[in-house]
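Could you walk me through this model in the viewer? I would like to know what to select at each stop and what I will find there.

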Amino acid sequence: MNSVILATVSRLLTGVLLVFSVFLLLRGHNLPGGGFSGGLVAASAFVLFAFANGFPAARSMLFFTPHVIIGCGLVVAIVAGLAGNLAGLPFLTGLWDKTPLPVIGKLGTPLLFDLGVYFAVLGVTTLIVFSLGEDGEEEE
Amino acid sequence: MENFPVIILVAIFLAAFLAPWLHRVLGDRCGLVLSLVPLAGATGYALMLPQIMAGGVVSFRHAWVPSLGIALDFYVDGLSLLFLLLISVIGAFVTWYAAGYLAGKKDLGRFYLFLFGFMGSMLGVVSADHLVLLFIFWELTSISSYLLIGYYHNEAKSRAAALQALLVTGAGGLCFLAGVILLGRMAGTFLISELLQMDAATLVAQPGFTTVLVLILLGAFTKSAQFPFHFWLPNAMEAPAPVSAYLHSATMVKAGIFLLARLFPLLSASPLWFPIVAPVGAVTMILGVVMALGQNDLKKILAYTTVAVLGTLTMLLGIGTELAVQAAMAYLLAHALYKATLFMTSGTVDHETGTRDPDLLGGLRRAMPFTAAAALIGGLSMAGVPMLLGFVSKEYFYKALLDAPGSGVWWEVLGVSASVVMVALAITAGFKPFWGRLKPTPKKAHEAPWTMWLGPLLLGVAGIKTGLFPSYAGAGLVGPAAAAVLGDAGFVGGLKLWHGWTTALGLSAVTVVLGLALYGLLPRIRAARGIYAGLARFGPERGYDNLLEGVLSFARWQTGVLQNGYLRNYIMTVVLFTVVLVGWMLPGVVPPPDWSAMVRPNVLTVTVCLLIMAGAVFACLTSSRFTAILALGVVGIGIAMLYFMFSAPDLAMTQVLVETLTLVLFVLAFYRLPVFGNYSKKAVKVRDALVAAVFGTVMAMVVLVEQSSRAADNDVSRFMSENSLTLANGRNVVNVILVDFRALDTLGEITVLAIAALGVFAMMRLRPGSKKEDGK
């Protein structure tokens, strides 16, 4: 796909989408959004970039391989759960710092857990899309 | 001292996980460092001796899964301690031995990982107080022995033997688990220490106790290679010699015996105990020695005699008199000492000469003096020659048989004939390879490194010491063990060397003489071993093979039917099952539609619904794949719009995103698919339409049912919405459910997602002919 318009717009849009995905992640606890939809938006940013500029470019922009991102997501989610254990409570008990911060709001382990979901979804989606897409390119 | 069992257990498992790393750093010497752990463990266990000898127990409790009542409870009494010492001491010697036997092997680190894993599991089995904990360690021994037997994993025979051992002991393990659960529920406790305090007679009188007994016996019999499950043990000789010496003589196969002994006070109260256990043991004993006679492989000979000894021990426990239990414990100790020695020396002979055929071996004593000495001591003990523990234990064995209830001289005849064969085979394994004229062997024989003969020699010396002064072994190990088995703290089971001119002594003398005579006949028996191959066709191993083949062909058949590779068939299967499973519950519960409770249709919702329906119909009818995908997209986006209208913005947003990415995936997968043709026959189309219509109807009814029951029990959703802000600091209930209330579900879901993605990756990348396999 060699479209100058798509390539140019994608550069702008990718950034906007990524910021939007983080926005969705952070507001998720109180307003529509969350790690799952945030992760999907982030993934679609990379997919758009891949379509416009090719899969190698998208991979290098992603920096880590999707495998690593999936692993990190799962680890972050589990760590967020284990925080409960460290406090002597059951696994996955939410712990909160009750003083709200500007923009982000209150901080707590559920946000960390949601961050894990975000990364897992991002990694899973990009892994599937990249696998399917690159396999096609190879045979062309 | 209470926490010794746990500390040692943790140390052994820690050593197991450090072993591969240690091997990388230290090379072959890592075995010597690692052996310090079981040696230290043995010292720790030895420190418990005074307390145990005084009739005390060591117990340790720690809650583990309190909600299921499972606890890390350990309990050490005389029986446990006997096993703990054997496992740790022989474990240390085997660790040395492996350092020599497997020197230079690249995966020695992995071997030690498995070996120490096994050691820890075995120590766990014999010191666990909780039946479920015992079962967990029990299964761990099965798994680690699978890995050890299959150590030479590039040899098909070795893999088959490992699998056989795993399947047989695993099947028995399942029976054991079922028995444990039934027993625990029946008795109201899973703690062995509490079970042993209970009144056995009332427990046995409960209905269903026979089931418990049979299930637990099946577990013990498979593990301890009792007839008809004995065949896996000789096959497991594919394992390297250290494994055979450790697992198949001293420890794992005795786990079944341990279980019988551990639950002896309970199970032996059943009237079925004696008629099941004693004959099974006797048959196994005779079968073992008969099979051993015809083998021309030192390891197989030792394996079959091990089967015979396991049979003997089972038989003694089955007889169940005080004397029989005491004899069983003495026999067990003696056997562990001499059989580990002989397994190691025959492994050394194999290692240094390249053959294990007793007919090809002879005169090695000059080349391998230390190994010869160790083997001689082991052989003498196995033959039951005075001044060795084997003699003492055989005296008690005969005494127990003479004392056994029941009429006739059957026990004595069986016991003496088995022992006669043992004598002949002891000479074959302990004497023949080393004495007489030196025979040429495939490799030029020379003495093995000290690591390979010191352990067997020390075990031999232990056999002499305990044989000369049996009162120490009697008071320290055998007596407390027998007392623990009998559940009678007052029982004093000392061992004596000299009992006077008794019948047992006479039988011993007869045994040795007959054994020597039989030894002379052995070459002729071995020459005629073709008969065994003929008999094997009727043996239980044949049944195992047929069963395995049957299961595999059933699996092939049902995989062919269910996993046929056509997505449409999978969907059809899922849909039909849903229709049947949900459908048969529906009649009678579907209320008439309550129109007043439903949302009043307006122009917008009706339009969207019509769009969805049009999209669905269009997707079915179109002859272009691209159009079909777009039409499905219309359906998806339409549903997202419905979510929006009924104030579920989270769902709507996610639905739109998923729709978008699905479209992307379709586009990518697009040109890989064959040309879109219309291959379905009319009949097939009608069938599909019918299935779809039925499924749609069922789903509509489910919605109606759900709607009518909603008002009644929406406690869950009310709880969620009321507590979302107060308990979880979030106003978005959907998100709070995902990351807090039901976070464990979410964790499971993202794990499944990750696995699915890896599956896609694997299918795309690791296909044959694909160039990229590095994941970049």
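Here is a short tour with a few stops, all in chain B. Keep in mind as you go that this is a predicted model.

**Stop one: a helix residue**

Select Ala162(B), which sits in helix α7, spanning residues 156–187 of chain B. Is Ala162(B) buried or exposed? Its relative accessible area is 1%, under the 20% cut-off, so Ala162(B) counts as buried. Now show its surroundings, skipping the neighbours within four places in sequence: Ala162(B) touches Tyr146(B), Ile149(B) and Gly150(B). For a sense of distance, add Gln197(B), 35 residues away along the chain; the C-alpha atoms of Ala162(B) and Gln197(B) are 39 Å apart.

**Stop two: a covered helix**

Next, pick helix α13 of chain B, residues 252–262. How many of its residues are buried? The count is 11 of 11, so mostly covered is a fair description of this helix, given that buried means under 20% relative accessible area. Colour them by residue type if you like: the buried set includes Lys254(B) and Arg262(B), along with Met252(B), Ile257(B) and Phe258(B).

**Stop three: the largest cavity**

Turn on cavity display if your viewer has it. The whole structure holds 3 cavities of 30 Å³ or more, and the largest encloses about 70 Å³. To frame the largest cavity, select Tyr331(B), Ala334(B), Tyr338(B), Ser381(B), Met382(B), Gly384(B), Gly390(B), Ser393(B), Lys394(B), Ser419(B) and Met422(B), which line it. Which elements give two or more residues to this lining? They are α17 (322–353), α18 (369–383), α19 (389–403) and α20 (410–430) of chain B. By class, the lining of the largest cavity splits into 5 nonpolar, 5 polar and 1 charged residue.

**Stop four: the second largest cavity**

Keep Ala334(B), Tyr338(B) and Ser381(B) selected, since they are among the residues lining the second largest cavity. Its volume is about 60 Å³. Add Leu337(B), Thr341(B), Ile377(B), Gly378(B), Leu388(B), Leu389(B), Leu459(B), Gly460(B) and Gly463(B) to complete the lining of the second largest cavity. Here the elements with two or more lining residues are α17, α18 and α21 (450–468) of chain B. Which of the elements gives the most to this lining? That is α17(B), with 4 residues. The lining of the second largest cavity has 7 nonpolar and 5 polar residues, and no charged ones.

Methods
Residues are numbered from 1 along each chain as its sequence is written. Chains are lettered from A and ligands numbered from 1 in the order in which they are written. This is a predicted model: local features need pLDDT of at least 70, side-chain atom pairs count only at pLDDT 80 or more; totals for chains, interfaces and linings use all residues. Side-chain values use heavy atoms; hydrogens and water are left out. Buried means under 20% relative accessible area, exposed over 50%, partly exposed in between (1.4 Å probe, protein chains only). Contact means heavy atoms within 4.5 Å. On a 1 Å grid over the protein atoms alone, a cavity is a set of points where a 1.4 Å probe fits but cannot get out, and a pocket is an open set with protein on both sides within 12 Å along at least five of seven lines; lining residues have an atom within 4 Å of a point. Grid points are joined across faces, edges and corners, and a volume is the space filled by probe spheres set on the points. Ala, Val, Leu, Ile, Met, Phe, Trp, Tyr, Cys and Pro count as nonpolar, Asp, Glu, Lys and Arg as charged, and the others, Gly among them, as polar.
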